[in-house]
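Welcome! Have a look at the sequence and the 3D view, and then let's work through some questions together.

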Amino acid sequence: MSGTATTGKGLETLTHKIKYNKQYSAEATSTGQYRDILDGQHPDVTLVTCSDSRVWERSLDDQIGKIFSIKNIGNRVEPNLGSIEYGVGHLHTPVLMIMGHTGCGAVHASTLELKDEHARILKSLDFIKPTVAEVQKLLIRKGGIAGYKKETKVAPVTKISDEAFFETLVSEANVDRQIENLLNDASIRNLVYTGKLMIVGTIYDFKDIYSKEKGAIFVINVNGETSVEKLKKLAAGEGDGRVVAGTVKRMLVY
Ligand SMILES: [Zn+2]
């Protein structure tokens with residue numbers, strides 16, 4: 001057999017994936033991993049995160065059927081409102097998580113003046129541009145990155161470039177904006193208002209900016225609240241909440 005479909009890296013890659021899948025399904029069958037979800041899914045988190053292949057849902061849960069996952073470049077809510085509504089309105093997940101991440105290519109690209117990029121990609125990035133401008137204006141008011149760090153006492157755990165720091169602030173601001181957009185939606189806002197849904201903004205870090213634990217998740221926003229002090233109090237409120245309070249950390253202070 002010959003032809004374009006069997007040349008190049010495609011067949012090799014597919015073969016690798018099929019081999020992996022055979023092992024996976026043998027194990028999943030013998031351990032009964034699908035047993036309890038054959039008749040329906042009962043996820044507890046609706047997740048909106050970036051398509052970046054390094055951002056892995058398994059960092060939150062390795063059980064099949066627990067995460068209703070929605071991915072796009074830059075973890076935007078707007079193109080996926082239908083899927084989000086399905087997760088929170090029909091599957092009734094108690095948590096809707098918007099997860100940004102460090103080292104985000106979409107955030108990086110939106111800080112550049114791209115000309116030769118595909119129109120569809122440019123359109124997908126357009127939504128971050130106002131957020132980039134917003135963070136720049138904030139930094140101007142605070143006397144640049146140095147002035148901002150001095151005033152807010154925010155410090156990454158490892159030395160990173162000003163560019164990487166700026167992009168981290170934009171990643172956080174982007175998550176905040178997505179949550180704001182969600183709260184502008186009457187149906188989602190009502191679920192939050194009646195206590196049926198908690199919207200959580202997080203940053204997934206593998207760049208040693210928030211901690212040296214790669215793949216660690218930090219809470220930066222709950223139902224639109226962005227004050228670290230208030231978030232810590234909120235999180236420590238009940239039961240094991242202190243576990244959550246310990247992960248509250250923001251680089252962006254408005
Ligand atoms: Zn990304």
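The questions and answers below walk through this predicted model step by step.

Q: Which residues are the protein donors of the zinc ion?
A: Donors are N, O and S atoms within 2.8 Å of the metal. The donor atoms here lie 2.0 to 2.3 Å from the zinc ion, and they are an SG, an NE2 and another SG. The residues that carry them are C50, H101 and C104.

Q: How are the donor residues of the zinc ion spaced in sequence?
A: C50 lies in strand β1 (residues 45–50) and H101 lies in strand β3 (residues 95–101), so this pair ties together parts that are 51 residues apart in sequence. Add C104 as a further donor, and the spacing reads C-x50-H-x2-C.

Q: Is C50 buried or exposed?
A: Buried means under 20% relative accessible area. C50 has 4% relative accessibility, so the label follows directly. Its fellow donor C104 has a relative accessible area of 5% and gets that label too. C50 is therefore buried.

Q: How many disulfides does the count give?
A: A disulfide is a covalent bond between the sulfur atoms of two cysteines. To be counted, a pair of cysteine sulfur atoms must lie within 2.5 Å. By this rule, the number of disulfides is zero.

Q: How many salt bridges does a search of the whole structure find?
A: For a salt bridge, a side-chain nitrogen of Lys or Arg must be within 4 Å of a carboxyl oxygen of Asp or Glu. Some of these contacts join into a network, and one such network links E134, R177 and E180. Across the whole structure, the search finds 10.

Q: Is R54 buried, partly exposed or exposed?
A: R54 and D52 meet through their side chains in a salt bridge of 2.7 Å, N to O. D52 is buried, because its relative accessibility is 15%. R54 has 41% relative accessibility, and the class between 20% and 50% applies. So R54 is partly exposed.

Q: How many residues apart are R250 and E172?
A: These side chains meet in a salt bridge of 3.7 Å, N to O. The pair links distant parts of the chain: R250 is in the segment after α10 (241–245), while E172 is in helix α7 (residues 162–183). Both residues are buried. Along the chain, their separation is 78 residues.

Q: Is K214 buried or exposed?
A: K214 forms a salt bridge with D208, and the closest N and O atoms are 3.1 Å apart. D208 is buried, because its relative accessible area is 16%. K214 has 59% relative accessibility, and over 50% counts as exposed. K214 is therefore exposed.

Q: Which residues make the nonpolar surface patch of about 260 Å²?
A: A good place to start is L14, which lies in helix α1 (residues 10–30). With a relative accessible area of 48%, L14 is partly exposed. Together, the residues making the patch are L11, L14 and I18.

Q: What distance separates the centres of domain 1 and domain 2?
A: The domain assignment of the chain gives domain 1 as 1–33 and domain 2 as 39–245. The centres are taken over C-alpha atoms, and the separation is 33 Å.

Q: What distance separates the C-alpha atoms of V253 and D116?
A: V253 lies in the segment after α10 and is partly exposed, with 34% relative accessibility. V253 and D116 are 137 residues apart along the chain, and their C-alpha atoms are separated by 34 Å.

Key. Residues numbered from 1 in each chain as written. Predicted model: local features only at pLDDT ≥ 70, side-chain atom pairs only at ≥ 80, totals over all residues. Heavy atoms only, no water. Buried < 20%, exposed > 50% of the residue type's maximum accessible area, 1.4 Å probe, protein only. Helix = DSSP H or I, 4+ residues; strand = E, 2+ residues; numbered from the N terminus. Donors = N, O, S within 2.8 Å, 3.2 Å for Na, K, Ca; no water. Domains from an automatic or database assignment. Patch = residues over 30% accessible without salt bridge, like charges linked within 9 Å, V, L, I, M, F, W, Y side chains within 5 Å. Areas by Shrake-Rupley, 256 points an atom, 1.4 Å probe, with all protein chains shown as cover.
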